[in-house]
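Me: I would like a close look at a single part of this model, taken slowly and set in its surroundings. Please choose one helix, and say how it is packed and what lies around it.

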Amino acid sequence: MGDPAKNRRGSSVPGRSMSLVPNKGGSKSEKKVSNKVMINVGGVRYETYKSTLRNIPDTRLSWLTEPTAVTNADFDPETGEFFFDRHPGVFNMVLNYYRTGKLHAPTDVCGPLFEEELSYWGIDEKQIEACCWMTYRTHRDAQETLAELEGGAAYIIKYFPSF
Ligand SMILES: [Zn+2]
């Protein structure tokens, strides 16, 4: 009797490694490199394309694509980064707006903080998507309610209409 379980491997493994070798024939990525922008916001580094920043014209980030930006903004020639001492979490949503054209509000910051950051970056709050608008508006409604409280009865009428 033979022993079929005793299989011998390694005699001739077909090699397919040829196709896995990366093409070393001079990557011509220089054009892409020059299109890149590095932005450091509050210690967090973001990388994007100049073309992305141009998507929302006439804003602080679109200005970074202009030749004068290296002198007008806080640019570090050693690291090649633009530095902004702002909220990194909010910036994430801001940059996403440039990438996708849709502005959503972060859930971990309150409305006034988001409002302040948007105005710093020069973005119109009206661009906030409908899904996030109600949450964003909450603080405005609260402020209005506080104003109404000074009028006293107006508050009662608004929230207890059955009275
Ligand atoms: Zn949303």
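**Helix 6 and its surroundings**

Reply: In this predicted model, buried residues make up 13% of the 163 residues in the chain. The chain holds eight helices and four strands, and from the N terminus on these elements run α-β-β-α-α-α-β-β-α-α-α-α. Of the contacts in the chain with a separation of 6 or more, 55% are between residues 24 or more positions apart.

The part I would single out is helix 6, residues 111-121. Phe114, Glu117 and Leu118 are its buried residues, and because they cover an arc of only 100 degrees around the axis, they sit on the same side of helix 6. An α-helix has 3.6 residues a turn, so residues three or four places apart point the same way. On the other side of helix 6, Pro112 and Ser119 are exposed. What covers the buried residues of helix 6 includes helix 5 (88-100) and helix 7, and these two neighbours can be taken in turn.

Two packed helices are described by the angle between their axes and the distance between the axes. For helix 6 and helix 7 (residues 130-151), the angle is about 105 degrees and the axes are 8 Å apart; the two helices are therefore roughly perpendicular to each other. On the side of helix 6, the residues that meet helix 7 are Gly111, Pro112 and Phe114, and their counterparts in helix 7 are Tyr136, Thr138 and His139. By class, this contact has three nonpolar and three polar residues, with no charged residues. Phe114 thus appears both in the contact with helix 7 and among the buried residues of helix 6, whereas Pro112 takes part in the contact and is exposed. Beyond the end of the helix, helix 6 is followed by glycine 122, whose phi is positive, near 80 degrees.

The other neighbour, helix 5, leads to the sheet. Four strands form an open sheet in the order 2-1-4-3, with mixed pairing, and its edge strands, strand 2 and strand 3 (75-76), each pair on one side only. Helix 5 packs on this sheet, touching strand 1 and strand 2, and its direction makes about 10 degrees with that of strand 2. Strand 1 (residues 36-41) and strand 2 run antiparallel and are joined by six bridges, with valine 44 in strand 2 as the bridge partner of valine 41. Two residues lie between the strands of this hairpin, and glycine 42 takes a positive phi near 55 degrees there. Strand 2 (residues 44-49) is hardly covered, since the count of buried residues among its six residues is zero. Strand 1 and strand 4 run parallel and are joined by four bridges, and methionine 38 stands opposite glutamate 81 in strand 4.

Just before helix 5 in this picture comes aspartate 85, found in the loop between strand 4 (81-84) and helix 5. Aspartate 85 is exposed because it has 9 other C-beta atoms within 10 Å. Aspartate 85 and aspartate 74 are eleven residues apart in sequence, and their C-alpha atoms are 9.8 Å apart in space.

Terms used: Residues are numbered from 1 along each chain as its sequence is written. This is a predicted model: local features need pLDDT of at least 70, side-chain atom pairs count only at pLDDT 80 or more; totals for chains, interfaces and linings use all residues. A residue is buried if 20 or more other C-beta atoms lie within 10 Å of its own, exposed if 12 or fewer, and partly exposed in between; C-beta atoms are placed from the backbone. Two residues are in contact if their C-beta atoms, placed from the backbone, lie within 7 Å. Axes are lines fitted to C-alpha atoms, for helices over the stretch in contact, and angles run from 0 to 180 degrees between N-to-C directions. Angles under 35 degrees count as roughly parallel, over 145 as roughly antiparallel, 65 to 115 as roughly perpendicular and the rest as oblique. Ala, Val, Leu, Ile, Met, Phe, Trp, Tyr, Cys and Pro count as nonpolar, Asp, Glu, Lys and Arg as charged, and the others, Gly among them, as polar. The arc is that of the directions from the helix axis to the C-beta atoms. Two strands pair if DSSP finds at least two bridges between them.
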